[in-house]
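Subject: Structure handover

Hello,

Here is the structure I said I would pass on. My notes on it follow below the entry.

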Amino acid sequence: MAKRATVADVARQAGVSVATVDRVLNGRRRVRPATAEAVHTAAAEVGYHAAPLLAMRARQLVPYRKFGFVLQKESKEFYRGLADSLRSQTADLTVCNATCVIRFVNELAAAPIVQAMRDLADEQVSSIGVVALEHPHINDETKRLSRSGIPVWALLSSLSAPEVAGYIGIDARKAGRTAAWGISKCARPGSGIGVLVGSHRYRSHDDREGGFRSFFRECAPEFQLLPSISYLDNSAGAYEATSELVTRYPELGGLYIIGGGCSGAVRVLREESTAPGIAVVCHELTPLTRDALIDGIADLVIQSPIEAIAEAAVRALAGIDPRPKPLEFRIWVSENI
């Protein structure tokens, strides 16, 4: 018969004393949460019979946290994926016992976002991460929550409120300049370049457009940048805006789609009447944008790292990494998907 694991085996595996294991097991004296977690992990590894009890003791030594997240439209695959990643990252935390509450907002307006933030505060969350428009009401609510002890983090799109705890997402200006670089390499020299903006109320969309236009001013002035069109970040709006562009500008050479709702634009670009040879850059790799790359409808897709964003958000809200840096985005073309 295999030798039964002992307290000494657990101590040796964890790199602590037998007395420390005993303190964790019996709760006689407090030990650091990290030490208790190490003892629990070691007990599971050596097959110690009281490993479940050690796990319970370890959980009792760490604080409880409830995180709140306000995301945009649940109908979008991107936000459903982000929600799943946030739940997974929260469940994997070891520095605290944590749960998360996620609220989806289906309107591109300030009022429902503010209401969702207030609802989360009523549920006594310890901190909030929010995908939000730049709006005075949202900035006011961020200030109010911060002063009441609930820090607010901006996800995916930054906020100007001085009280915001920080920003978690990609460098939007860099993404816009990268999109411009791609189009400048693929579009017909000197042609017109269209810009579709989901909403200028998103600072990330505004910053992407700013970076996009700055690149062309500095590096490719021979192209004609057309006035931007806002399409309210939905498929129907993108369809109308793209139809307008290709009709009004038959020699359109490039198109940058800033935001969601790409399906409407892609549908127009697939139509037989659409002028061929339009260089297209959009955001987020989905089944639709992946097919667009394969079929030559899109030339480049800029993808936000959902898993990394979720991890950084949970670590920030938990106080592990309160100063996250902008995250690196990924570039997809037809040859690397």
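K174 is partly exposed, because its relative accessible area of 39% falls between the 20% limit for buried and the 50% limit for exposed. Please keep in mind that this is a predicted model. K174 sits in helix α8, which covers residues 172-186. Apart from neighbours within four places in sequence, K174 has contacts with E328 and F329. A44 is 130 residues from K174 along the chain, and the C-alpha atoms of the two are 46 Å apart.

Next, helix α9.

Helix α9 takes in residues 203-219, 17 residues in total. At 1.5 Å a residue a span of 24 Å is expected, and the C-alpha atoms at the two ends are 24 Å apart, so the two values agree. Which residues of α9 are buried? They are S204, H205, R208, E209, G211, F212, R213, S214, F215 and F216. These buried residues pack against α8, and also against the strands β6 (192-197), β7 (224-225), β9 (252-258) and β10 (279-283).

On the aromatic side, the count is five pairs with ring centres within 6.5 Å. One of them joins F212 and F216 edge-to-face, with 5.1 Å from centre to centre and 65° between the planes. Why are F212 and F216 separated by about one helical turn? Because they are four residues apart in helix α9. F212 and F216 are both buried. F216 also forms an edge-to-face pair with F223, with the centres 5.6 Å apart and the planes at 75°. F223 is buried, as is F216. A single aromatic cluster is made up of F212, F215, F216, F223 and Y256.

Last, the cysteines.

How many disulfides does the structure hold? The number is zero. C262 is in no disulfide, and the cysteine sulfur nearest to its own, that of C282, is 4.3 Å away. The cut-off for a disulfide is 2.5 Å between the sulfur atoms, so the 4.3 Å from C262 to C282 does not qualify. C282 is likewise in no disulfide, its nearest cysteine sulfur being that of C262. C262 is buried because its relative accessible area is 7%, under the 20% limit. C282 is buried too, with a relative accessible area of 2%.

Regards

Definitions and conventions: Residues are numbered from 1 along each chain as its sequence is written. This is a predicted model: local features need pLDDT of at least 70, side-chain atom pairs count only at pLDDT 80 or more; totals for chains, interfaces and linings use all residues. Side-chain values use heavy atoms; hydrogens and water are left out. Buried means under 20% relative accessible area, exposed over 50%, partly exposed in between (1.4 Å probe, protein chains only). Contact means heavy atoms within 4.5 Å. The expected span of a helix is 1.5 Å times one less than its number of residues. Rings of Phe, Tyr and Trp (its six-membered ring) pair if their centres lie within 6.5 Å; planes under 30 degrees apart count as stacked, over 60 as edge-to-face and the rest as tilted.
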